Amino acid sequence: MRAVVVGGGTSGRAIGAAIAARGWAVQVSSRRTGFDVLRDDVAAVLRGADVVVEATGRFTTSRRRATDFFVRSTTAVGSAAAAVGARHVLLSVLGCERPEVQGYGYFAGKAAQERAAATTGAELSVVRSTQWHEFAEQNAERFGVGRVALVPAMTIAPVALTAVAAVVAEVVSGERRERCVEVAGPRRTTLLAMTESLPAPGVRALPLRIPGRLGRAFRDGALLPDVGTEVVGPSFDEWLTARSRH
Ligand SMILES: NC(=O)c1ccc[n+]([C@@H]2O[C@H](COP(=O)([O-])OP(=O)(O)OC[C@H]3O[C@@H](n4cnc5c(N)ncnc54)[C@H](OP(=O)(O)O)[C@@H]3O)[C@@H](O)[C@H]2O)c1
């Protein structure tokens with residue numbers, strides 16, 4: 001059996017490894033391997049594939065730019081999957097469709113992506129997770145200069161990317177057949193606490209209070225999982241400790 005992972009970032013590599021561990025042939029394709037999902041022939045890359053995992057990303061807070069990127073990516077991937085008879089597995093963010101976070105352009109783009117993915121004709125599964133443990137470092141890169149970073153006030157239940165990747169691999173292999181899987185980490189924390197816990201040389205976190213309804217929503221836990229959501233992987237602190245041993 002063969003899978004293609006479109007998007008070669010941290011998540012694409014982790015998902016590729018989890019699928020390969022199940023004995024599947026995996027190809028990870030992104031611009032650094034010479035494949036641009038917005039310009040190239042996606043069906044040609046998917047030929048012979050049973051499943052395609054879409055793990056592309058473009059960070060922007062602009063609703064227009066996020067929507068444009070995510071809808072074009074998923075339309076290209078889903079249409080090509082339908083054309084070659086592959087299943088489409090989309091990586092998404094738990095809660096991105098909630099009304100109170102639509103003021104954040106990135107989430108509006110992800111919600112639009114989920115809607116567009118459902119219309120391409122491919123057999124679709126969406127795996128939604130909370131923010132990954134790696135998110136503290138991603139945020140520090142996106143909103144930082146040197147070792148100083150702006151950190152928005154957010155209450156979240158972060159999850160280990162490797163645990164999310166294992167769930168994606170189960171969906172790819174057909175061990176799980178749900179059309180929408182939601183997973184979260186075991187503990188509630190804040191992005192500020194996570195950033196302040198990062199190991200040396202660390203990041204000097206400057207708390208950023210986002211004004212208005214969106215800021216309140218982020219602070220009050222609009223991105224937290226509903227009661228009963230599947231919990232996977234270690235807590236952020238356990239993950240940091242394990243990582244420091246490697
Ligand atoms: N970060 C989180 O905490 C989190 C949590 C839940 C869900 N997610 C979702 O998971 C997905 C992946 O997130 P991420 O943080 O790994 O994203 P990312 O690091 O921003 O981007 C993922 C990869 O997309 C590839 N890419 C971008 N434009 C491309 C293009 N035109 N053609 C082909 N590949 C392209 C990039 O590889 P190249 O540069 O090589 O092209 C990049 O490494 C996103 O949809 C995100 O919303 C993220």
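How many residues surround the ligand, and which are the closest? In this predicted model, where local features need pLDDT of at least 70, side-chain atom pairs count only at pLDDT 80 or more, and totals for chains, interfaces and linings use all residues, 28 residues surround the ligand, a residue being near if one of its heavy atoms lies within 4 Å. The closest are Ser30, Arg31, Tyr106, Lys110 and Gln138. Residues are numbered from 1 along each chain as its sequence is written, and side-chain values use heavy atoms, with hydrogens and water left out.

**Ligand**
- An N or O atom in the side chain of tyrosine 106 is 2.7 Å from an oxygen atom of the ligand, and a ligand nitrogen atom is 2.9 Å from an N or O atom in the side chain of aspartate 36.
- Of the 880 Å² of accessible area that the ligand has on its own (Shrake-Rupley method, 1.4 Å probe), the protein covers 91%.

**Helix α5**
- Phe135, Ala136, Asn139 and Ala140 of helix α5 (residues 135-142) are buried, which means under 20% relative accessible area with a 1.4 Å probe, protein chains only.
- Seen down the axis of α5, the buried residues fall within an arc of 140 degrees, so they line one face of the helix.

**Nonpolar core**
- The largest nonpolar core (buried Ala, Val, Leu, Ile, Met, Phe, Trp, Tyr and Cys residues joined through side-chain atoms within 4.5 Å) has 58 residues, and Ile15, Ile19 and Phe107 are among those with the most contacts inside it.
- Helix α6 (residues 161-173) gives the most to this core, with 9 residues.

Note on methods. Buried < 20%, exposed > 50% of the residue type's maximum accessible area, 1.4 Å probe, protein only. Helix = DSSP H or I, 4+ residues; strand = E, 2+ residues; numbered from the N terminus. Arc of directions from axis to C-beta. Polar contact = N/O pair within 3.5 Å; in protein donor to acceptor, adjacent residues only side chain to side chain.
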